[in-house]
Number of protein chains: 2
Amino acid sequence: MADKLLSISRRTRKTPFTPLVEAAGVKGYTVYNHMLLPTFFDSNESDYWSLCQDVQVWDVSCERQIEVSGPDSERLIQLMTPRDISKAVIGQGLYAPLCDENGLLINDPILIKFAPDNWWVSIADSDVRLWARGLAFGLGLDVQIREAAIWPLAVQGPKAEELVSRVFGEAARSIRFFRSKMLDFQGHSMMVMRSGYSKQGGFEIYLNDPALAEPLWNELFKQGADLKVRAGGPNLIERIESGLLSYGNDMNFTHNPFECGLDIYMDLDADIDAMSLKALRALRGKHVHQLVGIVFDDAVEFDDFRVEADGELVGDVRSQVWSPRYNKFLTMVMMKRDFLADNSSITIDGKLGTIVDLPFDFGNIA
Amino acid sequence: MADKLLSISRRTRKTPFTPLVEAAGVKGYTVYNHMLLPTFFDSNESDYWSLCQDVQVWDVSCERQIEVSGPDSERLIQLMTPRDISKAVIGQGLYAPLCDENGLLINDPILIKFAPDNWWVSIADSDVRLWARGLAFGLGLDVQIREAAIWPLAVQGPKAEELVSRVFGEAARSIRFFRSKMLDFQGHSMMVMRSGYSKQGGFEIYLNDPALAEPLWNELFKQGADLKVRAGGPNLIERIESGLLSYGNDMNFTHNPFECGLDIYMDLDADIDAMSLKALRALRGKHVHQLVGIVFDDAVEFDDFRVEADGELVGDVRSQVWSPRYNKFLTMVMMKRDFLADNSSITIDGKLGTIVDLPFDFGNIA
């Protein structure tokens with residue numbers, strides 16, 4: 001497809017950072033949770049090297065925080081996920097599949113226990129608020145559910161810790177992965193978590209006052225000038241190299257967590273009241289597809305994302321990118337397990353691809 | 001904002017018509033229900049005149065059909081809307097606000113009674129499927145809820161009836177507004193309804209076999225050549241001139257139907273079991289905002305969509321466009337009713353605007 005313009009309106013919501021993102025020269029957006037998500041500023045490849053070598057600031061406000069509070073909040077959160085949330089501590093983030101009663105994926109958020117009886121569901125791209133509210137109404141749960149006035153800003157890259165500690169103080173350095181601290185910016189306290197949608201290290205700052213968007217952005221760029229800080233966004237090359245999943249891309253509401261390799265994020269033998277538990281126990285070992293990587297030496301043209309073997313459809317290409325670091329064409333493909341049982345490679349478009357587990361292990365591939 | 005590219009991926013789903021839309025030279029998309037919606041092909045204004053004078057074919061597959069079937073289907077549909085659906089007949093479409101227990105808008109779909117115990121919710125841009133499934137699970141309803149394999153294609157414009165009757169036969173001409181017939185295309189039956197997101201007249205064809213997307217598209221263009229048929233999409237100029245609301249733009253989940261002038265689509269005194277009924281009855285006459293038009297002779301620059309009077313925020317601009325037909329700048333604004341009670345005009349950016357009811361009445365304005 002040739003380049004197409006995005007028609008922007010109030011429905012494709014802007015964020016408190018949008019004017020700053022625009023001033024920084026954003027060239028592309030996608031729409032995520034009905035909100036603008038910057039995708040690239042220079043080019044995917046130039047942005048990639050900056051992210052891997054230095055530090056970037058990302059407007060990820062589209063990671064909307066669905067706040068579930070009230071006496072039944074933990075009960076509702078546990079109902080929605082097959083991951084045991086009972087041991088979560090305040091300020092902790094848990095990556096967790098949300099699954100319906102058939103074990104199919106509704107979303108794959110970070111669950112954050114912000115306070116007792118107050119959870120934040122930091123969502124991928126589907127209206128979890130509507131599902132949670134439907135469940136709560138139907139079950140008569142004593143909860144309040146709202147999209148919180150929180151706009152995450154990510155600081156990602158090897159120099160992220162240096163930059164965040166300059167702006168929020170040395171305390172940031174001791175934050176462990178998926179843990180957070182309430183830290184001060186210009187007299188205002190906000191949550192800072194070590195997390196983010198890259199494997200280059202970094203933090204997410206949960207901005208809770210839109211009036212501070214500009215001062216915070218500007219301070220990060222001022223303090224980061226010598227670190228070569230740049231504006232960025234989730235980077236297609238980096239996230240595929242790192243094997244980070246994207247709901248809606250790599251999997252959707254027709255897939256279950258086994259198919260996506262999310263087994264370790266489920267506690268199917270725990271004594272928890274998750275609505276998906278029965279279905280997922282029954283599915284264990286019996287799922288039809290598996291998300292895998294297929295690595296090619298050259299770029300491949302797929303016909304409508306189809307992966308065929310002997311004229312038969314055996315897989316569906318969900319994500320693909322050229323890796324400038326490894327000089328490989330990386331694809332993430334939902335493959336039939338029947339085919340995987342007997343094959344470790346496949347030829348597409350005349351090119352031989354090696355089938356590998358995710359995340360990619362470039363020590364073995366290169 | 002300068003033009004920005006849309007980063008397209010599997011998450012921004014294509015439709016069976018996307019290759020045809022691309023071949024027709026689409027220049028812009030928006031994302032709607034996680035799906036590509038073409039917005040313009042030549043320019044907004046050129047597309048507008050074509051729509052108003054001739055006939056266009058629109059890929060509105062993004063109007064996803066949430067199919068609710070089973071013994072409790074009518075009960076669930078009625079629960080979700082304050083409009084009385086009990087008198088709907090097979091094949092009828094009903095524009096209906098969906099409201100939560102607080103009376104706030106979840107969506108504003110066309111409800112279609114496709115068959116006994118089989119409803120289609122032809123949705124605007126929010127995941128109604130998740131809300132419906134949450135409610136059904138929580139209440140233990142005996143329903144199946146799925147996104148149906150249906151891709152609507154709209155034929156809109158004054159010559160739409162001629163074109164559709166050439167392709168589907170003369171029976172199309174007798175279809176009344178928001179009624180439908182199952183009509184034949186190349187031996188295959190599909191629903192054709194007189195409806196669509198313009199006031200230029202036309203139909204929506206509910207394609208139920210993706211393999212027929214190309215033959216149907218090509219036949220419409222072949223039969224419509226002398227009618228000057230063009231590819232198009234919901235047109236910003238036309239829909240605002242016509243006062244057609246857009247969920248997410250003109251109103252969202254913070255608004256109630258009174259604020260949007262949807263009073264006639266509610267049956268608040270009926271004996272129906274809608275979850276919003278109590279809240280909406282209590283809100284009657286007490287809502288804070290009202291969606292109105294403000295008409296200017298010249299284009300106006302708003303500061304962050306704010307409408308201020310004497311330094312006080314009195315309104316929020318939701319949609320705006322220059323009308324080439326009327327030479328007016330048209331805005332749709334969610335205004336405080338307190339202000340409306342005492343004012344019929346307002347000055348913004350040094351320009352006087354006349355406040356009018358929606359839809360715009362150009363007989364009075366011009």
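**Two chains, one core: a short talk**

Let's start in the middle. The largest nonpolar core has 126 residues. Inside it, the residues with the most contacts are Val68(A), Leu76(A) and Ala132(A), together with Val68(B), Leu76(B) and Ala132(B). Keep in mind that this is a predicted model.

Why group such residues at all? In soluble globular proteins, nonpolar side chains tend to be buried together.

Take one of them, Ala132(A). Leave aside residues up to four places away in sequence. Ala132(A) then touches Ile66(A), Val68(A), Leu76(A), Met80(A) and Ile145(A). Gly134(B), in chain B, is also on the list of residues that Ala132(A) touches.

There is another core, apart from the one with 126 residues. This other core has 91 residues. Among them are Phe203(A), Ala213(A) and Trp217(A), and also Leu207(B).

Next, the two chains. How many degrees of turn lay chain A on chain B? The turn is 180 degrees, with a shift of 0.0 Å along the axis. The RMSD is 0.0 Å. The two copies are thus related as by a two-fold rotation axis.

Now look at where they meet. Chain A brings 41 residues to the contact, and chain B brings 41 residues. Four elements of chain A each supply at least two residues to the side that touches chain B: strand 1 (5-6), strand 2 (28-32), helix 4 (128-139) and strand 19 (312-323). Which element gives the most? Helix 4 of chain A does, with nine residues. By class, this side of chain A has 15 nonpolar, 14 polar and 12 charged residues. And 100% of the interface residues of chain A are also interface residues in chain B, so the copies meet through the same surface.

Stay with helix 4, but move to chain B. Two packed helices are described by the angle between their axes and the distance between the axes. Here, helix 3 (residues 73-80) and helix 4 (residues 128-139) of chain B pack at an angle of about 120 degrees. Their axes are 11 Å apart. The crossing of these two helices of chain B is right-handed. Which residues make the contact? From helix 3 of chain B come Leu76(B), Leu79(B) and Met80(B). From helix 4 of chain B come Ala132(B), Leu135(B) and Ala136(B). By class, that contact has six nonpolar residues, no polar and no charged. Leu76(B) and Ala132(B) were also named among the residues with the most contacts in the core of 126.

Last topic: backbone details. Find the peptide bond from Leu358(A) to Pro359(A). That bond is cis, with omega near -5 degrees. Pro359(A) sits in the loop between strand 22 (351-356) and helix 10 (362-365) of chain A. Chain B has a cis bond too, joining Leu358(B) and Pro359(B), with omega about -5 degrees. Pro359(B) is in the loop between strand 22 (351-356) and helix 10 (362-365) of chain B.

Then two positive phi values in chain B. Phe178(B) is not a glycine, yet its phi is positive, about 60 degrees. Look for Phe178(B) in the loop between helix 5 (160-168) and strand 13 (180-185) of chain B. Asn327(B) is also a residue other than glycine, with a positive phi near 50 degrees. Asn327(B) is in the loop between strand 19 (312-323) and strand 20 (328-336) of chain B.

Is Asn327(B) buried or exposed? Asn327(B) has 10 other C-beta atoms within 10 Å, so it is exposed. Phe178(B) has 15 other C-beta atoms within 10 Å, so it is partly exposed.

Key:
Residues are numbered from 1 along each chain as its sequence is written. Chains are lettered from A and ligands numbered from 1 in the order in which they are written. This is a predicted model: local features need pLDDT of at least 70, side-chain atom pairs count only at pLDDT 80 or more; totals for chains, interfaces and linings use all residues. A residue is buried if 20 or more other C-beta atoms lie within 10 Å of its own, exposed if 12 or fewer, and partly exposed in between; C-beta atoms are placed from the backbone. Axes are lines fitted to C-alpha atoms, for helices over the stretch in contact, and angles run from 0 to 180 degrees between N-to-C directions. A crossing is left-handed if the near helix is turned anticlockwise from the far one by less than a right angle, and right-handed if clockwise. Two residues are in contact if their C-beta atoms, placed from the backbone, lie within 7 Å. Ala, Val, Leu, Ile, Met, Phe, Trp, Tyr, Cys and Pro count as nonpolar, Asp, Glu, Lys and Arg as charged, and the others, Gly among them, as polar. A nonpolar core is a set of buried Ala, Val, Leu, Ile, Met, Phe, Trp, Tyr and Cys residues joined through C-beta atoms within 7 Å. Copies are superposed by least squares on the C-alpha atoms of residues with pLDDT of at least 70 in both.
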